[in-house]
Amino acid sequence: MKKLTAPKIDRCIGCHSCSLACARLVHKQISWDTAGIRIKSSGGLTTGFKANHCLACDPAPCADACPTGAFSHRKGGGVIVKKKLCITCGDCVAACPIDAISQDFSGAVYVCIHCGRCVDFCPHNCLELEDIPMDKDSRKEVTA
Amino acid sequence: MIRDHFRILVVNLSSGKGQIVHLDGRNTEVGGSGLAALLFQKYGLPEQSWDDPAQPVIFAIGPLTGYFPLMSKTVCSFKSPYHNQYTESHAGGRSALSLCFSNLDALVVVGKSERLCCLSVSSRSLDIKDIDFMRGMDVDETGKLLRGMSKGSGHRTILRIGPAGENGAAMSCINVDTYRHFGRLGGGAALGAKNLKGIIIHGDAIFTMPDNKQYNKLFAEVYKQVTATDMMKKYHNLGTPANLQGLNDIKSLPWRNLQATSDPAIDQINGERFATDTLLRNSACSGCPVGCIHVAYIREMFTENHRYTFKQVAYDYEMIFSLGTMLGVTDTTSVLNILDEMEKAGLDAMSGGVALAWATEATEKGLISAKETVVTLTFGDSDSYQQATEMLGGCSNDFYRLLGQGSLKAAEEYGGKDFACVLGQEMAGYATGEVFFAAQSLGFRHSHLDSGGYSYDQKHSDQDIGGVTDFLINDEAGRAFMTSMVSCLFARGVYTNELLGDCLSSVGYPELATNIDPLGKHIQKLRWQTRVASGFSPDAITIPKRFFKIKTWKGAIDPVYLNNLKKAYGEAIMTLAGNNHD
């Protein structure tokens, strides 16, 4: 199981190449918003950048909040998204504690699915797709 | 936002209302520079003063903005307070993608607000807020307040002006997202004349990706070229300041108001020194993975017991020239401190520095004194320059008000025209020779980026008036197409005509793809026609004597060659614009 992380986000230059890649390659759109990773300045441009993306909570509160099963728990953390089941209620957006899910004007929601397609488009290697070591009989991540 | 026409938002600050306008011309005026000229012809008043409330300030992007790397710039066009003629200024930051994701090809602002205001737009909103309480506020503080008053963090651009723009200084800039600027020729005053302190553009629109398998493949190829090869390395390594040492070595770097073109003290403020001693981090314009913005830090103890202030200032070659070598200031912290004052005042740091250099030499020669300048200006005295910068932006007395209109305006009053380093506007930092002096004097933006004149000088020592004129005209046409995309000109080595054609085809502009050269020429002509209609005459521009007195690697400037070259280039421009009746 893979998980997107941003271990070197302090190197971020704010080019938005990751967001644009996610929108383009995952969602077939040209946009800043329709992406599972979105870059914001961290309290103004003079203080650097932060990446808003799913941290793969386990269990994921957004999946618990989803009333139709469009979001379901992914083994190891994060969610599996079934767009066809989404009724655009936005309950997942409200449930996410870190503002990792965005919702467009039509109500469609966008969350990181940990596919890693953004990683190659970061010029400073801020992003990584990590393996989550799995316990055989549990969806829990093995901790040291 | 791929469409066969332009979608424009025209906002009238007098009425407080906006209008969406659909305009033909995608396959002829393209976008960016071409679109801006088209819009000025539609909304501009070429014969009226720059500060007529009806004059437009135009922000335009291109057909590839948001779709390919480094298509990250915006063209701002307006009637300049500097020369009262049509002009353009270019900037990046988040401005281009914000406009793109506001579903606009251009934003046009006309009219004048009764009180100081801020305009906010997005793909679904338009709002004009009274912010009269910000009158006189510096650029830094204005940015902080506007950030807190608006939504869309990370996905918006915040344009704002400082005291210089509010006070009508012809060398005032429009600050873009703290570290970028529509710097030259007085865009700040163009907004100030409208009582428009800030513009916030929140890019919240979503477009379907081009339905073309080639698009993603091509994007990846371009991305690889700009990140994985050495082609762009010079821009993200030391950045443009790397040129300081090189130009000093070939006796082409202006020092102390161009009284010299080389100085051993360059090793105190060259690109290596800035990077080693002051560089804090790099930053990027949205949509550009190169990250050429070099942000330096200044740490200063402001009281005893180790109480510090900490400031971040973005530097480039041009500012180190204008506030360093041109002012004889040879330590990095001092250069950055003056630059920080320029930023806060909302001044074009290039023009501001060159103007203060003229004032310093005028002081040396006894033409002016502390009676005018309040603080005595001496080459190398950065404390005085910091204070003078605040007064220049604040137009704090008759002298500074006049100097803010341009060095030559002040020289007309106080004397010293011979040593005003003005080539159409305050010079860029290239004392490379006759070709550049003629090229900047008559260039469309009076910018070193209008054409490659400074580069030509460094490669040729022969005198070929016909060849140089052809080079300048042809080179400008190619750049006119690039600035209609609107590409960062740093990418001109990557985006060959072939690659641009492929990119345009892949997103659905096949007609543009197959007509790049003729369209570049058409836009070049359109821009010059617009400029000429607003009063441009090459004969009205003279090159001050200082430029005839210097030595470069080629030896002493040849005055006959320089004058003849300028005359020939001027005639070529007027012929191109269809206005040469000789």
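**Exercise 1.** Explain why strand E12 of chain B is largely enclosed by the rest of the structure, and find its partner strands.

*Solution.* Step 1. Strand E12 (residues 196-202) of chain B has 7 of its 7 residues buried, so it is largely enclosed by the rest of the structure. A residue is buried if 20 or more other C-beta atoms, placed from the backbone, lie within 10 Å of its own. Strands are DSSP runs (E, at least two residues) and helices are DSSP runs of H or I with at least four residues, numbered from the N terminus.

The model is predicted: local features need pLDDT of at least 70, side-chain atom pairs count only at pLDDT 80 or more, and totals for chains, interfaces and linings use all residues. Residues are numbered from 1 along each chain as its sequence is written, and chains are lettered from A and ligands numbered from 1 in the order in which they are written.

Step 2. Two strands pair if DSSP finds at least two bridges between them. Strand E7 (residues 117-122) of chain B pairs with E12(B) in the parallel sense over 6 bridges; here Cys117(B) has Leu196(B) as its bridge partner.

Step 3. Strand E9 (residues 156-160) of chain B runs antiparallel to E12(B), joined by 5 bridges. Arg160(B) is bridged to Gly198(B).

**Exercise 2.** Describe the contact between chain A and chain B.

*Solution.* Step 1. Count residues in contact (C-beta atoms, placed from the backbone, within 7 Å): 25 of chain A meet 30 of chain B.

Step 2. On the chain A side, two or more residues come from each of helix H1 (17-25), strand E2 (29-30) and strand E3 (37-41).

Step 3. E2(A) also pairs with strand E13 (residues 207-208) of chain B, antiparallel, over 2 bridges. The bridge partner of Gln29(A) in E13(B) is Thr208(B).

**Exercise 3.** Describe how domain 1 and domain 3 of chain B are placed and joined.

*Solution.* Step 1. Chain B is divided into domain 1 (6-202), domain 2 (229-416) and domain 3 (426-576), with bounds from an automatic or database domain assignment.

Step 2. The C-alpha centres of domain 1 and domain 3 of chain B are 25 Å apart, and 35 residues of domain 1 are in contact with 27 residues of domain 3.

Step 3. Helix H1 (26-29), helix H2 (32-43), strand E4 (74-79) and strand E5 (86-91) of chain B each supply at least two residues of the domain 1 side. H2(B) gives the largest share, 6 residues.

How values were computed: Two residues are in contact if their C-beta atoms, placed from the backbone, lie within 7 Å. A residue is buried if 20 or more other C-beta atoms lie within 10 Å of its own, exposed if 12 or fewer, and partly exposed in between; C-beta atoms are placed from the backbone.
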